[in-house]
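Here are my comments on the model you sent. They are set out as numbered points, so that each can be checked in the viewer.

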Amino acid sequence: QDPLPWATCPLNTNRTGYEEECEKTSSTQYFWYRQTLNISPSLEASGSVQWEQALCLTLAWLVVYLCILRGTESTGKVVYVTASLPYCVLIIYLIRGLTLHGAVNGLVYMFTPKLEQLSNPKTWISAATQIFFSLGLGFGSLIAFASYNEPSNNCERHAIIVSLINSTTSIFASIVTFSIYGFKATFNYESCVNKVILLLLNAFDLEEGSLTADNLNEMKDYLMATHPQEYARLLPQLKNCSLEAELDTAVQGTGLAFIVYSEAIKNMEVPQLYSVLYFVMLLMLGIGSMLGNTAAILTPLTDSRVIAARFPKEVISGVVCFINCVIGLIFTMEAGNYWFDIFNDYAATLSLLLIVLVETIAVCYIYGIRRFEKDLHTMIGHKPNWYWKIMWAFVSPLLIISLFIFYLTDYILTGTLQYQAWDATQGQLVTKDYPGYALAVIGLLVAASTMCIPLGALVTFIRKRLKRESVSTV
């Protein structure tokens, strides 16, 4: 629609001005937190289920169910669309982003290394988690899809290709993001400067054109020296405009996807076109992720003789999608975004590190790297070179253990876990401590995804013990 629904603040009930909450923040943030999420002030105020979000969630799982109904072959065909369409949109955004005013500022900011960030363990934890998420390591989706490969499949070549495509896509998407981010930061900075100039021109009755962005600081010093009292009264209204500060306010997750991009889109020409392209791309990426993760759950269930013999694939797929949809309803409540952050931050961060570490140790030291080497020789026709063996046996486990220690140390030093809550009275996010029951849920999430390892080992041990006893009695 024209204008975009998040382009301006809505009028208040008396139609005498804008909504008070929106005036304290930006129109984009107001649209996201109040009109889209209708977010509650804290995790304790859970609120009711938002029917629009619940309907969209149900439709999303219905689409996923229809895609996986006929098995992996139909899923693969859908993934061609969900994987290729985002690239087309990113190319369009790259061309548009690089031509935007201020795009260079964002790219310079992106490629300028910040030593204080590189020395921060949290940076490396975030980087490792991002790699796990983007490659699907530890989730089971890679193993699930790989189980359908032919025995002669060249997995070494595919591993290299997938890794290169993943890293190249990350850099490519970052260039697109930071070019648009630079445009947004430059736009905000120049808007701030223009407001300050207009304020000074009106307050001191200066000539039009006498104040510019280049001489603003000198003129401020001059006015402060010549009109100290008037300048002091005006000082609370004068914002300290800084391009660096605008660029430093980087966000991630939902903030980047739904606020920063939306903020930039509304200031582009033909914003309706770019908003439709962008949100269709997000939808495709979301469905692609849902398909991959659902396949990781369905494959072992459908391969199980006990379950597959009693229930057809359509029923198993339907039950899995239904359970996921019901659990997802938690995220559609007024406090749903806070629960989403809990699942996003804690369900698959520490557990991913542990799962991938155990997988590496199991293959290299329990199954044995020589046996694994023979298996690969049978598949690809030659033995893997020394580089792979060093990475598998030494480098990867050491890196993961280091990250694991960093994560635990950071958790211990942080103390009480906190989250960002939306304060409608201030029109901004405020930091709050998680309540006791939320900490219990966090503990259960971490335990639920990692307990399968010791439980699986225990079940295997009991089975082998019982088999030995049965053999010895015979």
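1. Start with Glu20, which counts as exposed at 54% relative accessibility. This is a predicted model, and the values below are computed from its atoms. Glu20 forms a salt bridge with Lys24, and the closest N and O atoms of the two are 3.4 Å apart. Both residues belong to helix H1 (residues 20–24), where a spacing of four residues separates them by about one helical turn. Lys24 is partly exposed, with a relative accessible area of 41%.

2. A neighbour in sequence, Glu21, has another partner: its side chain meets that of Arg34 in a salt bridge, at 3.0 Å from N to O. This pair links distant parts of the chain, since Glu21 sits in helix H1 and Arg34 in helix H2 (residues 27–36), 13 residues apart. Are these two residues buried or exposed? Arg34 counts as buried because its relative accessibility is 18%, under the 20% limit for that class. Glu21 also counts as buried, at 12% relative accessibility.

3. Further along the chain, Glu373 and Lys389 form a salt bridge in which the closest N and O atoms are 2.9 Å apart. Here too the pair links distant parts of the chain: Glu373 is in helix H18 (residues 350–380) and Lys389 is in helix H19 (residues 386–414), with their positions 16 residues apart in sequence. Glu373 counts as buried at 12% relative accessibility, whereas Lys389 is partly exposed, with a relative accessible area of 27%. A search of the whole structure finds four salt bridges, and the pairs described in this note are among them.

4. Two further residues of helix H18 deserve a look. Met379 is found in this helix and counts as partly exposed, at 28% relative accessibility. Which residues does Met379 touch, leaving aside those up to four places away in sequence? They are Pro151, Ser152, Asn153 and Cys155. For Cys155, the separation from Met379 is 224 residues along the sequence but 8.0 Å in space, from C-alpha to C-alpha.

5. Ala362 also lies in helix H18. With 29% relative accessibility, Ala362 counts as partly exposed. When residues up to four places away in sequence are not counted, Ala362 touches Tyr367 and Gly368. Met333 is 29 residues from Ala362 along the chain, and the C-alpha atoms of these two residues are separated by 41 Å.

6. Next comes a helix pair. Two packed helices are described by the angle between their axes and the distance between the axes. For helix H9 (residues 155–204) and helix H10 (residues 216–226), the angle is about 35 degrees and the axes are 12 Å apart. The crossing of H9 and H10 is left-handed. H9 contributes Val193, Val196, Ile197, Leu200 and Phe204 to the contact, while H10 contributes Leu216, Lys220 and Leu223. By class, the contact of H9 with H10 holds seven nonpolar residues, no polar residues and one charged residue.

7. The strands form a hairpin. Strand S1 (residues 418–423) and strand S2 (residues 428–433) run antiparallel and are joined by six bridges. Tyr419 stands opposite Lys432 of S2. What is the phi of Gly427, in the hairpin of S1 and S2? Gly427 takes a positive phi near 70 degrees, and the hairpin has four residues between its strands.

8. Last, the overall figures. The protein has 21 helices and two strands. Its C-alpha trace spans about 105 × 50 × 45 Å along the principal axes. Of the 474 residues of the protein, 34% count as buried. Among contacts with a separation of 6 or more, 71% are accounted for by residues 24 or more positions apart.

Terms used
Residues are numbered from 1 along each chain as its sequence is written. This is a predicted model: local features need pLDDT of at least 70, side-chain atom pairs count only at pLDDT 80 or more; totals for chains, interfaces and linings use all residues. Side-chain values use heavy atoms; hydrogens and water are left out. Two strands pair if DSSP finds at least two bridges between them. Buried means under 20% relative accessible area, exposed over 50%, partly exposed in between (1.4 Å probe, protein chains only). Axes are lines fitted to C-alpha atoms, for helices over the stretch in contact, and angles run from 0 to 180 degrees between N-to-C directions. A crossing is left-handed if the near helix is turned anticlockwise from the far one by less than a right angle, and right-handed if clockwise. Contact means heavy atoms within 4.5 Å. Ala, Val, Leu, Ile, Met, Phe, Trp, Tyr, Cys and Pro count as nonpolar, Asp, Glu, Lys and Arg as charged, and the others, Gly among them, as polar.
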